[in-house]
Amino acid sequence: MNQETNSQESKIKFTYDKSGLIDGTIGRIGQLLTHLKLGTLDNMLEDFPEENIPKLEERYKDLELEGNIEVYLNHSPLFKNLKRLFEKGRRNNLFARVLFGIPYTIGQWLGGQITRADSYNPYTETAQVYHPNETVAMHEIGHAEDFDASEHPTIRSLIYSIPFIRSKLEWNASKYAMEHMTEDERKQNSKILEPALGTYLAFDTAETAVNAALLAGATISSPAISLILNAAPWVGAGLGHLYSRVIKDPDTNVFISNSKQSYLDEPSGREPALSTI
Ligand SMILES: [Zn+2]
């Protein structure tokens, strides 16, 4: 049975459920690839810890939103989500919800069952999170915050699949996540979020290069295209780990300046200097 914890102040509703038959078995094998890419193999058999929900609620309790967001922790409810797709208050227009939202919602559910995929659905305005690390949940909520702030929600949903716009929106989601973290948390969590961004950047680069080559008249076989596109996220993740753990200054991250005060930081007692840019 679902256990719903609903914060009074927040418009984000967190719903938790135990893993089901398929996502609790086959899904864990599929999820292994995500853990490998993100460097979180230590947590590969863990669920999102139910006891961490109050911590998430606390982080987002003052968040102001246009719409409302629901986060499904450790489960992926198909029929509930399909119903939500047509509830009042959805920000996408009805045409987009029918044409793109239905297949997207079914695909998201399948991804959850088979690979315990963490994802955001702009048509239902829900995030689905299986990964035990809170950072991943915060990234998915970051997508929701980013979408919520959009003035053209339908266009915003549709442009996600365009190379490099996709990477930019992934960057946005992690930037929003970092805004709810302390400096120490940013330092730690960039080791997951930077390699994750690397997977998208590499995929977008590979897809653009393949399309450019095809347009220029090159002959590339379908298996070769498939191999390139499947390998790219691994290369990106590897480069992301190299950058994050070896090359960069460990106090920095690519998403947000550490000097930018997080709402979690204690007030310094001094007025912040006025920004001129
Ligand atoms: Zn994302």
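## Close-up views of a predicted model

**View 1. Helix 8 and helix 9 pack against each other.** Helix 8 (residues 183-215) and helix 9 pack at an angle of about 145°, and their axes are 7 Å apart. The crossing in which helix 8 passes helix 9 is right-handed. Look at the kinds of residue in this contact: 16 are nonpolar, 7 are polar and 4 are charged. Please keep in mind, here and in every view below, that this is a predicted model.

**View 2. The whole chain, for orientation.** Before we go further in, let's step back for a moment. The chain holds 9 helices and 5 strands. Following the sequence from its start, you meet them in the pattern β-β-α-α-β-α-α-β-β-α-α-α-α-α. How many residues does the chain have, and what percentage of them count as buried? The chain has 277 residues, and 38% of them count as buried. Now think about contacts between residues at least 6 apart in sequence: 74% of these join residues at least 24 apart.

**View 3. Strand 3 has a partner strand in strand 2 and another in strand 5.** Strand 2 (residues 12-16) and strand 3 run parallel and are joined by 5 bridges. Strand 3 also runs parallel to strand 5, with 4 bridges between them. To find your way across these strands, start at Lys13, which stands opposite Glu70 in strand 3. Glu70, in turn, stands opposite Thr126 in strand 5. Another pair to look for is Val71, which stands opposite Ala127 in strand 5.

**View 4. Strand 3 is mostly covered.** Of the 5 residues in strand 3, 5 are buried. Which residues point one way from strand 3, and which the other way? Ile69, Val71 and Leu73 point one way, Glu70 and Tyr72 point the other way, and all are buried. A helpful rule to remember is that side chains in a regular strand alternate between the two faces of the sheet.

**View 5. Strand 5 shows two sets of side chains.** Thr126 and Gln128 point one way from strand 5, while Ala127 and Val129 point the other way. All of these residues are buried. Strand 5 also pairs with strand 4, and here the two run antiparallel, with 3 bridges joining them. Within this pairing, Ser119 has Gln128 of strand 5 as its bridge partner.

**View 6. Glu125 sits in the hairpin of strand 4 and strand 5.** Where is Glu125? It lies in the loop between strand 4 (119-121) and strand 5 (126-129). The hairpin formed by these strands has 4 residues between them. Although Glu125 is not a glycine, it has a positive phi of about 55°. For background, most residues other than glycine have a negative phi. Is Glu125 buried or exposed? Glu125 counts as buried because it has 25 C-beta neighbours inside 10 Å, and the cut-off for buried is 20 or more.

**View 7. Asn74 also takes a positive phi.** Asn74 is found in the loop between strand 3 (69-73) and helix 3 (78-85). Asn74 is not a glycine, yet its phi is positive, at about 65°. Why does Asn74 count as buried? Asn74 counts as buried because 23 C-beta neighbours lie inside 10 Å.

**View 8. Helix 1 crosses helix 4.** The axes of helix 1 (residues 26-38) and helix 4 (residues 94-115) come within 5 Å and cross at roughly 95°. That crossing angle makes helix 1 roughly perpendicular to helix 4. On the helix 1 side, the contact is made by Ile26, Gly27, Gly30, Gln31 and Thr34. Helix 4 contributes Gln113, Ile114 and Thr115. Sorted by class, this contact has 2 nonpolar and 6 polar residues, and no charged ones.

**View 9. Phe255 is buried in the segment after helix 9.** Our last stop is Phe255, in the segment that follows helix 9 (222-247). Phe255 is buried because 22 other C-beta atoms lie within 10 Å. Which residues does Phe255 touch, leaving out those up to four places away in sequence? Phe255 touches Trp171, Ser174, Lys175, Met178 and Leu193. You can also look for Glu179: Phe255 and Glu179 are 76 residues apart along the chain, and their C-alpha atoms are separated by 9.4 Å.

Conventions:
Residues are numbered from 1 along each chain as its sequence is written. This is a predicted model: local features need pLDDT of at least 70, side-chain atom pairs count only at pLDDT 80 or more; totals for chains, interfaces and linings use all residues. A residue is buried if 20 or more other C-beta atoms lie within 10 Å of its own, exposed if 12 or fewer, and partly exposed in between; C-beta atoms are placed from the backbone. Two residues are in contact if their C-beta atoms, placed from the backbone, lie within 7 Å. Axes are lines fitted to C-alpha atoms, for helices over the stretch in contact, and angles run from 0 to 180 degrees between N-to-C directions. Angles under 35 degrees count as roughly parallel, over 145 as roughly antiparallel, 65 to 115 as roughly perpendicular and the rest as oblique. Ala, Val, Leu, Ile, Met, Phe, Trp, Tyr, Cys and Pro count as nonpolar, Asp, Glu, Lys and Arg as charged, and the others, Gly among them, as polar. Two strands pair if DSSP finds at least two bridges between them. A crossing is left-handed if the near helix is turned anticlockwise from the far one by less than a right angle, and right-handed if clockwise.
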